Each structure stands twice: as C-alpha cells, then as structure tokens.
Amino acid sequence: MDHETARRATDAALARASELARAWAAGLDERRVSPVASVTELRARLGGPLPERGEDPVTTVEALAARADAGLVAAPGPRYFGFVTGGGVPAALAADWLAGAWDQNAAMHVMGPAASVAEEVAGAWAAELLGLPAGVSVGFTTGATMASFTALASGRHALLGRAGWDVERDGLFGAPDVPVVVGEEAHVTIPAALGMLGMGRDRVTRVATDGQGRMRADALADVLAGVDRPALVCAQAGNVNTGAFDPLPEIADLVRANGGWLHVDGAFGLWAAADPARRHLVAGAGRADSWTADSHKWLNVPYDSGLVFTAHPAAHHAAMTLGAAYYVEAAGGERDPYNWVAESSRRARGFAVWAAIRSLGRDGVAEMVGRTCDLARRFAAGLDAAPGLGIRVLNEVVLNQVLVRFDDPSGEAAAGDARTDGVIGAVQADGTMWAGGTMWRGQRAMRISVSGWRTTADDVDRSLEAIRRAAREVRTRPSHGPG
Ligand SMILES: *Cc1c(COP(=O)(O)O)cnc(C)c1O
C-alpha cells in the first residue's frame, strides 16, 4: 500500500462513517428506542466465518452499520430512561471522533502532550464543577467501576501505610486488618472493586439505610464505635434507584473522628453540585478523601468516561503508578496519565470531557442538571395523576430518578411484582421509551432515570402516555414476561 492509497482509503472510510453517524444522530428523536433484533438474529447478521480475504474499508463500514442497526438501542436519544446513562452533547461526541482520528496514546505525556494537558485542565474544571477541594488528584477511567477501584486502592494504600505496611510492595497476605464499611445500598460496583483489591466483597460491614436508601448516620456511628482502627468507609451521593444522598456532613464527621478514609461514590449524583439549586444535596462531599464521578452519565460525554479524584495525590500515585513508588514530579511538571489509573496505553478520554465542559460552560451544566431533575418531577406528577391504574411513585423525587410500582387490584405483593414486570415488558415492547426494572425494598419497580441532554417536556409527556397505555393493557394478568 502506498501513501496515496492509504490516504484515499482513510478519507473514504471516515466520510462514510460521518454520513452514517449523522443519519443515526438525526434519527434519534423518532427512532424506536428498544432494538428489534433477537440475539439469534444479531449473531446471524454479524456472524459468519473468519473472512479469508479483506475488502474495501467503505464496504466494511457500511456492512457494520447495516448489520448492527437492528441491535442498536437509542440510548443517546431523548426517551431512553434506563439505568442511569446519558447521551453525548455535540461537542463531546465530535471531540471523541477527533480523539479516535488523532489516536493519541494517553499513557504518557511524551506520547501525547495535548492529551495529557487536556486531562489536566478538564480534570481541574470537573473538580471545580463538583465542588471538590483545590489540588485534588484526578484519573480518567473507563467508568465509575474503575474510578472506585482506583479510589479504594488509594485509601487502602494510605490506611495500610499509616499502619507501617507497604501494600503495593508486600501485598495483603499478613497485612494489618483494615475495616471496610459500606452502606446497605452501596452500588454493586463497590463490592466488586473491593473484591478486585483483595479486600473481599463480603468482608465488609454493611450499615443500615433509611426508607430512601440513605446510609443512617446513627448506624454508622455504632459501627465505627466498634472498630479499633481507621476504617475505609464508602458513602454514596445519589442512590441508583431513588437518587437520594447519604448524610455526608454527619458521615464526614464520623470518619474524621475515626481517622479513616471516606470515599464518596457519586457516579451521577455528584453532578448535582454543578446546579446551585441542588448543591445543598452534596453538602459535606468536599470533606471526603476520594470521589467517583462518571462523565458518561450526567455530563453527557460518550462512553467510556469516568473520573476519580482524591485529596491525597501521593497515595493515589503510589497505588497506581507503573513507575517509581515515590511521587516525583517531572522536571517540567508534565503529568503522565498512567500514574493515576490502572492502565497504561489507552485512548485520550480527556478531549471529550474538555469539549463537554467548554461547550456547556458552568451555566450549561447547571441548566442540564436542573432541567433533567425538573423533568423527573414532571414524570412523577404525571404518574401520580393517573387515577385508577394502580400506579404508585415509591420514592421522594429529589433528583433525576423516579421509582414506579404498578399495584395489582388484589393488593397482593407477588401479583404487584408480576404486574410491574408486565408493564415494564409492555413499555419496552411498545418502543416509545425505555425504562428497566429494579428491586426496591423487596418489591419490583420500574426505574426511570432522566439523565440525557436531549430530553424535553414533550418526550416526558409521550412517555407518560406510553406508560399509561401499558398500565391499562396489563391490568391484572401480565401479558408480557418480565422485562
Ligand atoms: C452507574 C453507577 C456505577 C457504575 O458506573 P460505571 O460507569 O458503569 O462503571 C457506580 N455507582 C453508581 C452510584 C452508579 O450510578
């Protein structure tokens, strides 16, 4: 292949991908939200024997788009309310394309100086939006899972270091004990991260929560009164079901008194700090030792994009570095991103975060957070105002999350579970919107999360109509299986 051929092939493939991507984006408002193809169909479409001979790149790009289409979820669109996701604001999506084309390795400054500096700047901007103290260290991770992994590794380093143990050098066998305390409602990725860190998924003390899933400060006080050394404590800013916040000021006081390390998992909820009208919800968060936030959730940056922050750069560095165990700043002050995450070579995630924050600005992020919270309240009000359909909002809608239950006329819990799953299945099959199911306090519920930048009041109203339709259809006996 000569340069001219390579240049033409690249240009043609990018031009076709751009057309296809723009058609996808333009179709998001009206596209059916759930995919239509079954797993068998997708395996047939995308499968086949290993290609023996290559083909023209444009043909491959077109084949991918055509064959994947029926299995694509309109998750970046305006009526996807599943899990807690987000879309991609235009500048962030476009910056992500550029990051792909530039193909910078964000492992080391020398491999991609602009990538490294964009992380530095975007990390500081994000920390300021989130109300974190000046001088926090930052790492750009794949998501909240690895952000919490990184934060908890930093806490493990610091607590064991204070007990005279070098965990990176000597491992955990024979190490002093570190009590680990999490709320009953900790996100599943917290025990998963603890498991990967050798601290055990189940070797934790779980603290009771209240009716909204908030850690009870009095219960935490009891737990910490029973431990004789500094503990690693994980609190939550934004319960994945209710959106509720742990009482962070009280928790921070208790962990300070214990001498432990406080981690706050604020994957989506920490962004509430960017909205002056909701900042009070995260009061006290700034006093923690480490924080998790996802850019690919409420900031609406495309996947994959998580953020970890710590107030202890030396511990963070020691836990993650591939280089010297002791933190030495480069002569020119350059920042090597690989010192702050559990990866070496990787894509330059910082560009898209930089672009999202620059294009939205402080007021744009605040507006997006505030607007989606208002739309969640509109959802809840619309569901409350549907008499006779047995619809019940289960949570206090303090943020962007709404939990909905579809009771059975018999009043029986199991029948209500079945009806709730039936309604969720019917809503998903209808395709106007998408919301998933969850367990809340032993009962099935539909979880609606308004996190996407494209959602409007009209989208909420259309979605409410789809939910009412499904609730009328699934009166007593579910006509669809669990969703
Ligand atoms: C989404 C979420 C996670 C996991 O985030 P990923 O980005 O999927 O790794 C962790 N904690 C909370 C509270 C979340 O909402």
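**A four-stranded sheet, its helices and the ligand shell**

In this predicted model, helix α12, which spans residues 350-384, lies across strands β8, β9 and β11 (443-449), and its direction makes an angle of about 20° with β9. A further helix, α13 (residues 413-430), lies across β9, β10 and β11, in this case running at about 30° to β11.

The strands that these helices cross belong to an open sheet of four strands, which pair in antiparallel fashion in the order β8-β9-β11-β10. At the edges of the sheet stand β8 (391-393) and β10 (436-440), each of which pairs on one side only, and neighbouring strands are turned against each other by 40° on average, direction ignored. Where β8 meets β9 (residues 401-406), the two strands run antiparallel and are joined by three bridges; within this pairing, Ile391 stands opposite Phe406 of β9.

The ligand offers a second place to look, and here 13 residues surround it, the closest being Thr145, Asp265, Asp294, His296 and Lys297. By residue type, the shell around the ligand divides into four nonpolar, six polar and three charged residues.

Which side chains place a polar atom 2.6 Å from an oxygen atom of the ligand? Thr145 does so with an N or O atom of its side chain, and Asp294 likewise has a polar side-chain atom 2.6 Å from a ligand oxygen, while for His296 the distance from a polar side-chain atom to an oxygen atom of the ligand is 2.8 Å. Taken alone, the ligand exposes 380 Å², of which the protein buries 85%.

Methods
Residues are numbered from 1 along each chain as its sequence is written. This is a predicted model: local features need pLDDT of at least 70, side-chain atom pairs count only at pLDDT 80 or more; totals for chains, interfaces and linings use all residues. Side-chain values use heavy atoms; hydrogens and water are left out. A residue is near a molecule or strand if one of its heavy atoms lies within 4 Å of it. A polar contact is a pair of N or O atoms within 3.5 Å; within protein, one must be able to donate a hydrogen and the other to accept it, and residues adjacent in sequence count only if both atoms are side-chain atoms. Accessible areas come from the Shrake-Rupley method with a 1.4 Å probe; for residues, only the protein chains shown count as cover. Ala, Val, Leu, Ile, Met, Phe, Trp, Tyr, Cys and Pro count as nonpolar, Asp, Glu, Lys and Arg as charged, and the others, Gly among them, as polar. Two strands pair if DSSP finds at least two bridges between them. Axes are lines fitted to C-alpha atoms, for helices over the stretch in contact, and angles run from 0 to 180 degrees between N-to-C directions. Contact means heavy atoms within 4.5 Å.
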